[in-house]
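Here is a short set of exercises to work through with the structure open beside you. Try each task before reading its solution.

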Amino acid sequence: YLVPEVACRLHFKSPLIENRARSQVLTDLYARAFVEKLAPELSLASKAGLTLRFYPDDLNLTLTLSGYS
């Protein structure tokens, strides 16, 4: 019970994210590029028990972080 844990969810809204196919594809590509750029750090964080997800969701980008702090 004394193990500190964290759970955080952030939503990033932008007027550039629209309900159009082109905008949705570009948003998805941005999210994938962001995760790919952070892959080395995310690998180390995963080994330490942290999970990070960054994905497009309902006209915004969502970042979730959970695990041991």
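A residue is called buried under 20% relative accessible area, exposed over 50%, and partly exposed in between. Keep in mind throughout that this is a predicted model.

**Exercise 1. Place valine 25 on the accessibility scale, and find the patch that valine 25 belongs to.**

Solution.
- Step 1: Find the residue. Valine 25 sits in helix α1, which covers residues 21-37.
- Step 2: Apply the cut-offs. The relative accessible area of valine 25 is 48%, so the residue is partly exposed.
- Step 3: Look at the surface around it. Val25, Leu26 and Leu29 together make a nonpolar surface patch of about 280 Å².

**Exercise 2. Find the salt bridges of the structure and say how accessible the partners are.**

Solution.
- Step 1: Get the total. The structure holds 2 salt bridges.
- Step 2: Take the pair of arginine 20 and glutamate 18, whose side chains meet with an N to O distance of 2.8 Å. Arginine 20 has a relative accessible area of 48% and is therefore partly exposed. Glutamate 18, at 32%, counts as partly exposed.
- Step 3: Turn to aspartate 28 and arginine 32, where the N to O distance is 2.9 Å. These two residues are 4 apart in helix α1, so about one helical turn separates them.
- Step 4: Classify this second pair. Aspartate 28 is partly exposed at 27%, whereas arginine 32 is exposed at 56%.

**Exercise 3. Describe how strands β2 and β3 are joined, and examine the turn between them.**

Solution.
- Step 1: Establish the pairing. Strand β2 (residues 50-56) and strand β3 (residues 60-68) run antiparallel and are joined by 7 bridges.
- Step 2: Pick out one opposed pair. Leucine 50 faces glycine 67 of β3.
- Step 3: Move to the turn. The two strands form a hairpin, with 3 residues between them.
- Step 4: Check backbone angles there. Aspartate 58 is not a glycine, yet its phi is positive, at about 50 degrees. Leucine 59, also a residue other than glycine, has a positive phi near 60 degrees.
- Step 5: Add accessibility. Aspartate 58, in the loop between β2 and β3, is exposed because its relative accessibility is 70%. Leucine 59 belongs to the loop between β2 and β3 too, and at 39% leucine 59 is partly exposed.

**Exercise 4. Which residues make up the largest nonpolar core, and what does alanine 31 touch?**

Solution.
- Step 1: Recall the general expectation. In soluble globular proteins, nonpolar side chains tend to be buried together.
- Step 2: List the members. The largest nonpolar core has 5 residues in all: Ile17, Ala31, Phe54, Leu61 and Leu63.
- Step 3: Examine one member. Leaving out residues up to four places away in sequence, alanine 31 touches Phe54, Tyr55, Pro56 and Leu61.

**Exercise 5. Is asparagine 60 buried or exposed, and which residues is asparagine 60 in contact with?**

Solution.
- Step 1: Locate the residue. Asparagine 60 is part of strand β3.
- Step 2: Compare its value with the cut-off. Asparagine 60 has 5% relative accessibility, so this residue counts as buried.
- Step 3: Name the contacts. Apart from neighbours within four places in sequence, asparagine 60 is in contact with His11, Phe12, Lys13, Ile17 and Tyr55.

**Exercise 6. Set separation along the chain beside separation in space for leucine 50 with alanine 31, and for leucine 44 with asparagine 60.**

Solution.
- Step 1: Begin with leucine 50 and alanine 31. They are 19 residues apart in sequence, and their C-alpha atoms are 19 Å apart.
- Step 2: Characterise leucine 50. Leucine 50 lies in strand β2 and is partly exposed at 25% relative accessibility. Beyond residues up to four places away in sequence, leucine 50 touches Val6, Ala45, Leu65, Ser66, Gly67 and Tyr68.
- Step 3: Go on to leucine 44 and asparagine 60. They are 16 residues apart along the chain, with 27 Å between their C-alpha atoms.
- Step 4: Characterise leucine 44. Leucine 44 is in helix α2 (residues 39-47), and a relative accessible area of 59% makes leucine 44 exposed.

Methods:
Residues numbered from 1 in each chain as written. Predicted model: local features only at pLDDT ≥ 70, side-chain atom pairs only at ≥ 80, totals over all residues. Heavy atoms only, no water. Pairing = 2+ DSSP bridges. Buried < 20%, exposed > 50% of the residue type's maximum accessible area, 1.4 Å probe, protein only. Contact = heavy atoms within 4.5 Å. Patch = residues over 30% accessible without salt bridge, like charges linked within 9 Å, V, L, I, M, F, W, Y side chains within 5 Å. Areas by Shrake-Rupley, 256 points an atom, 1.4 Å probe, with all protein chains shown as cover. Salt bridge = Lys/Arg side-chain N within 4 Å of Asp/Glu carboxyl O. Core = buried A, V, L, I, M, F, W, Y, C linked by side-chain atoms within 4.5 Å.
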